[in-house]
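Colleague: I'm new to reading protein models, so could we go through one together? I'll ask, and you show me how you get to each answer.

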Amino acid sequence: MLTFLIDDKDHCRRVDSLLRNLLPGAPLAYLRKLLTSGHVQVNDAQPDAATLLRLGDRVTLKESARLTSLLAGRRSGLDIVFEDTWIIIFNKPGGMPMHRAAEVDDRNLVDVGTELLRGRGEEVKLRPVNRLDRGTSGAVILAKSPTAAGMFGRFVKEEGLDKLYLAVVAGELSGEGTIDEPLEGKESITRYEVLCSGNGLAVLALAPVTGRMHQIRQHLTLIGHPVMGDVRYKGYSLPPGFPGFALHSFRTSFTHPATGRYETVCAPLPSLFQVLMSTCNREASAALLPRLAELSITPPTPLLP
């Protein structure tokens with residue numbers, strides 16, 4: 001048996017995401033077979049694909065010649081947090097643009113992700129279902145085909161995505177609240193809860209009720225607590241080497257329009273984001289990490305993308 005202990009970089013990752021990143025060249029059918037055949041165990045129990053891994057969990061894989069060969073494959077430069085035949089969800093690095101049309105930089109998520117899949121032998125051109133700003137990290141959905149893009153595009157427009165963000169902001173505050181400030185003349189609502197505060201910083205969980213451009217970033221600036229590193233909206237600069245700014249799309253949930261299954265996908269926190277959280281309040285942020293998967297902000301209306 002091969003054993004893997006879950007650490008910070010995989011905390012809150014789904015089991016199928018761990019397998020995909022361990023075995024980057026494996027067909028999806030092979031990964032499903034590993035799970036259904038009992039060849040994968042978490043803490044000596046058989047998980048399902050959507051089981052969320054926690055710090056200290058022990059994952060074991062039954063050894064085989066094929067598994068060993070696939071483990072030796074070259075790892076992807078992108079973190080895949082969910083994949084099926086319709087879509088792929090990446091944990092986008094902060095500082096990487098979504099596509100070439102939006103930014104000058106040639107290295108962008110759509111092109112790099114498309115090259116990744118073509119390297120596996122899949123002739124696809126990825127299309128964004130939703131988008132994240134260049135400086136924002138975390139879960140973002142891309143469709144594998146025009147059919148999938150149309151299906152998910154309609155779903156997002158009609159039903160929306162249930163999204164939870166984490167942010168490190170300037171200034172200390174406490175409690176929870178709703179920011180209800182129009183942006184560009186349109187209704188805009190963001191709910192938030194303070195998770196910890198100290199040393200001139202605060203860590204917030206945020207749920208956007210509406211989906212305006214730069215909504216979370218603008219709303220936090222309007223209440224006097226801009227996202228750290230977001231200089232466009234009056235956020236203080238971060239230490240050199242921190243990519244993007246301290247806003248992370250942590251959890252995305254949706255009813256899959258093709259399968260009908262309700263999927264919850266978490267994007268593990270970047271290491272430098274965790275360091276910034278500990279700068280805010282070391283003890284409180286350490287206590288926060290184990291309960292990240294249970295974070296919940298109940299919005300007054302269905303969440304939009």
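Colleague: Where in the chain is the place of C12?

Modeller: Keep in mind that we're looking at a predicted model. Find β1, which covers 2-5, and then α1, which covers 15-22. C12 falls in the stretch that links them, so to speak: the loop between β1 and α1.

Colleague: And is C12 buried or exposed?

Modeller: The cut-off for buried is under 20% relative accessible area. C12 has a relative accessible area of 0%, so C12 is buried.

Colleague: What is phi of C12 near?

Modeller: C12 is a residue other than glycine, and its phi has a positive value. That phi is near 80°.

Colleague: Where is E184, and is E184 buried or exposed?

Modeller: E184 sits in the loop between β9 (176-180) and β10 (189-198). Like C12, this residue is not a glycine but has a positive phi, near 55° for E184. Exposed means over 50%. With a relative accessible area of 75%, E184 is exposed.

Colleague: Let's zoom out. How many helices and strands are there in the chain?

Modeller: Scroll along the chain and you'll meet both kinds of element. The tally is eight helices and 13 strands.

Colleague: Why is the chain called as compact as a globular protein of that length?

Modeller: You compare the chain with what the globule rule gives for 305 residues, which is 19 Å. The chain comes out close to that, so it is as compact as a globular protein of that length. Its radius of gyration is 19 Å.

Colleague: What percentage of the contacts between residues at least 6 apart in sequence join residues at least 24 apart?

Modeller: Take the contacts in the chain between residues at least 6 apart in sequence, then pick out those joining residues at least 24 apart. As for burial, 52% of the 305 residues are buried. The share of contacts you asked for is 65%.

Colleague: Which elements are included in what covers the buried residues of α4?

Modeller: First, the buried residues of α4: they are L109, V110, V112, G113, T114, L116 and L117. After α4 comes G121, with a positive phi near 95°. The cover over the buried residues includes β4 (80-83), β5, β6 (127-128) and β7 (137-143).

Colleague: What does M98 touch, leaving out residues up to four places away in sequence?

Modeller: M98 lies in the loop between β5 (87-92) and α4 (109-119). M98 counts as buried, because its relative accessibility is 3%. Its contacts beyond those sequence neighbours are K92, N108, L109, V110, P128, N130, R131, L132 and V140.

Colleague: How far apart in space are M98 and L35?

Modeller: Along the sequence, 63 residues separate M98 and L35. In space, going C-alpha to C-alpha, the distance is 32 Å.

Colleague: Which residues is A49 in contact with, leaving aside its neighbours within four places in sequence?

Modeller: Look for A49 in the loop between β2 (40-42) and β3 (58-61). A49 has a relative accessible area of 28%, so A49 is partly exposed. Its C-alpha is 7.9 Å from that of R32, which is 17 residues away along the chain. The contacts of A49 are R14, V15, D16 and L35.

Conventions. Residues numbered from 1 in each chain as written. Predicted model: local features only at pLDDT ≥ 70, side-chain atom pairs only at ≥ 80, totals over all residues. Heavy atoms only, no water. Helix = DSSP H or I, 4+ residues; strand = E, 2+ residues; numbered from the N terminus. Rg over C-alpha atoms; globule rule 2.2 N^0.38 Å. Buried < 20%, exposed > 50% of the residue type's maximum accessible area, 1.4 Å probe, protein only. Contact = heavy atoms within 4.5 Å.
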